Amino acid sequence: MNDDSSDEPPDERTDVDDEAFTYNGGRVDPGESANIRYSISETYLGDPVKIPVTVINGSKPGPTVFLSAAAHGDELNGIEVVREVAHDWDHSELHGTLVCLPVMNVPGFLAQERYLPIYDRDLNRSFPGREGSTSARRMANRIFTNFIEPCDLGIDFHTSTRGRTNMLHVRASVDDPTVGRLAKAFSSNVIIGGEGPSGTLRREATEAGVPTITVEMGEAHRFQRPLIDRALTGVASVLAEFGCHPESSVHWPGWRTIIRDEDEKTWLRADAGGIVDMKRGRGALVEEDEVICTITNPFKEDDDIVTVDAPFTGLIVGVLENPVVYPGNPLCHLVGLSSDTLTALERERTMERSQSEL
Ligand SMILES: [Zn+2]
């Protein structure tokens, strides 16, 4: 928190006039923006490891919102979301401040790997970080204290792990009122509740008083334009909801399901090793007992075909792309739907089909 606002609850910061965004080594005044390369570590050569940060401080007061991506270095979709918000959008009427962190895990990004390629540490289990600790925690600490703690809200973008893909959805501790409001404002069809593992940016930021959601979208190593566009709609909707763009309106996704209980979702795992023939893709609606995939050996012997059925009617939120498994590997992430949601979803899919046939 900035010194002048540390005692104020997040929503009241809109009343603070003429508020500069400050970080260790600099400030960005209202009406100004800055592209910063901020040093968070040093390489084996002793060179600085710098993360790109764009701070846009609107000319009008409002909340400070961070948008972050690539805590996992090979998860690229969010990078483009954050870059477009930072550099392609018109912020002349912005109320508040945007702190845009398109690539947090720079060493992982350079190597195109999920983890920090330094003993394979997971930056997204290292927040809030600590001075004098491991390399990952020191980096996390530099990011967290300078660019996360001064914010009022945040959105952290991820994709599925390499070899899998997922439909765009929000993960958030929805029972926290501000986090729940933020999650709904992002206007995804699916919100999965829960506080998230210890050390993740969204959990640690939320616990530090910066309500934060994670957005999962698509697969690693790619830009997926339809998902990026959908996420940009979500960001615009959040900025409308929290008064950063008060003239804009909050988006309604058409239907929404919030998964709160463990029994409303399941990761189906392979019980046999082999080669997977996946019948249904990301975002598919599957009926109870429907065959989702088969697992076969190299000889495709009939006796050895393992069939995997849907345990309940639901939506495939995440699914395997790389079609090989050991026993225990995840095949797909299935979430249940209420009958009302199912009806709304089926109506939407029928409309999409009829439009595509025109
Ligand atoms: Zn990730």
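How many of the 358 residues of the chain count as buried? The figure is 46%. Bear in mind that this is a predicted model. Here are my notes, point by point.

1. Overall make-up. The chain carries 7 helices and 19 strands. Its radius of gyration is 21 Å, close to the 21 Å that the globule rule gives for 358 residues, so the chain is as compact as a globular protein of that length. If you want a box for it, the C-alpha atoms fill roughly 70 × 50 × 35 Å along the principal axes. On the contact side, take the pairs with a separation of 6 or more: 66% of those contacts join residues 24 or more positions apart.

2. Two domains. The assignment splits the chain into domain 1 (3–258) and domain 2 (264–357). Their C-alpha centres are 31 Å apart. Where they meet, domain 1 puts in 13 residues and domain 2 puts in 18 residues.

3. The domain 1 face. Two elements give two or more residues each to the side that touches domain 2, namely β8 (164–172) and β9 (190–193). Of these, β8 supplies the largest share, with 5 residues. By class, this side of domain 1 has 4 nonpolar, 7 polar and 2 charged residues.

4. I258, where domain 1 ends. Domain 1 is assigned as 3–258, and I258 belongs to strand β11 (residues 257–259). Is I258 buried or exposed? Somewhere in between: I258 has 17 other C-beta atoms within 10 Å, so it is classed as partly exposed. Setting aside neighbours within four places in sequence, I258 is in contact with V174, I191 and G193. Two of those names, I191 and G193, fall in β9 (190–193). For a long-range check, the C-alpha atoms of I258 and S33 are separated by 36 Å, with their positions 225 residues apart along the chain.

5. The α4/α6 pair. Helix α4 (residues 177–185) packs on helix α6 (residues 225–241) with the axes 8 Å apart and an angle of about 135 degrees. Because of that angle, α4 counts as oblique to α6. On the α4 side the contact uses R181, L182 and A185, and on the α6 side it uses S237, V238 and E241. Sorted by class, the contact has 3 nonpolar, 1 polar and 2 charged residues.

6. What sits around α4. The buried residues of α4 are V179, L182, A183, K184 and A185. L182 and A185 are also among the residues that α4 brings to α6. The cover over the buried residues of α4 includes β7 (153–158), β8, β9, α5 (201–207), β10 (212–218) and α6. Note that β8 and β9 turn up again here, having already appeared on the side of domain 1 that touches domain 2. Just after α4, S187 takes a positive phi of about 65 degrees.

7. Backbone spots to look at. Most residues other than glycine have a negative phi, and most peptide bonds are trans. With that in mind, Q112 is worth a look, with a positive phi of about 55 degrees although it is not a glycine. Q112 lies in the loop between α2 and α3, and is partly exposed because 13 other C-beta atoms lie within 10 Å. The loop between α2 (106–111) and α3 (135–148) also holds P128, which is joined to F127 by a cis peptide bond, omega about 0 degrees.

8. One more positive phi. D289 is not a glycine either, yet has a positive phi of about 75 degrees. You will find D289 in the loop between β14 (285–286) and β15 (291–296). Why does D289 count as exposed? Because D289 has 10 other C-beta atoms within 10 Å, and the cut-off for exposed is 12 or fewer.

9. P102. This proline is in the loop between β6 (95–101) and α2. P102 has 25 C-beta neighbours inside 10 Å, so it counts as buried. Which residues does P102 touch, not counting those up to four places away in sequence? They are P52, A69, A70, I79, V82 and R83. As for A71, its C-alpha is 9.1 Å from that of P102, and the two are 31 residues apart in sequence.

Methods. Residues are numbered from 1 along each chain as its sequence is written. This is a predicted model: local features need pLDDT of at least 70, side-chain atom pairs count only at pLDDT 80 or more; totals for chains, interfaces and linings use all residues. Domain bounds come from an automatic or database domain assignment. Two residues are in contact if their C-beta atoms, placed from the backbone, lie within 7 Å. Helices (H or I, at least four residues) and strands (E, at least two) are DSSP runs, numbered from the N terminus. Ala, Val, Leu, Ile, Met, Phe, Trp, Tyr, Cys and Pro count as nonpolar, Asp, Glu, Lys and Arg as charged, and the others, Gly among them, as polar. A residue is buried if 20 or more other C-beta atoms lie within 10 Å of its own, exposed if 12 or fewer, and partly exposed in between; C-beta atoms are placed from the backbone. The radius of gyration is taken over C-alpha atoms; the globule rule is 2.2 Å times the number of residues to the power 0.38. Axes are lines fitted to C-alpha atoms, for helices over the stretch in contact, and angles run from 0 to 180 degrees between N-to-C directions. Angles under 35 degrees count as roughly parallel, over 145 as roughly antiparallel, 65 to 115 as roughly perpendicular and the rest as oblique.
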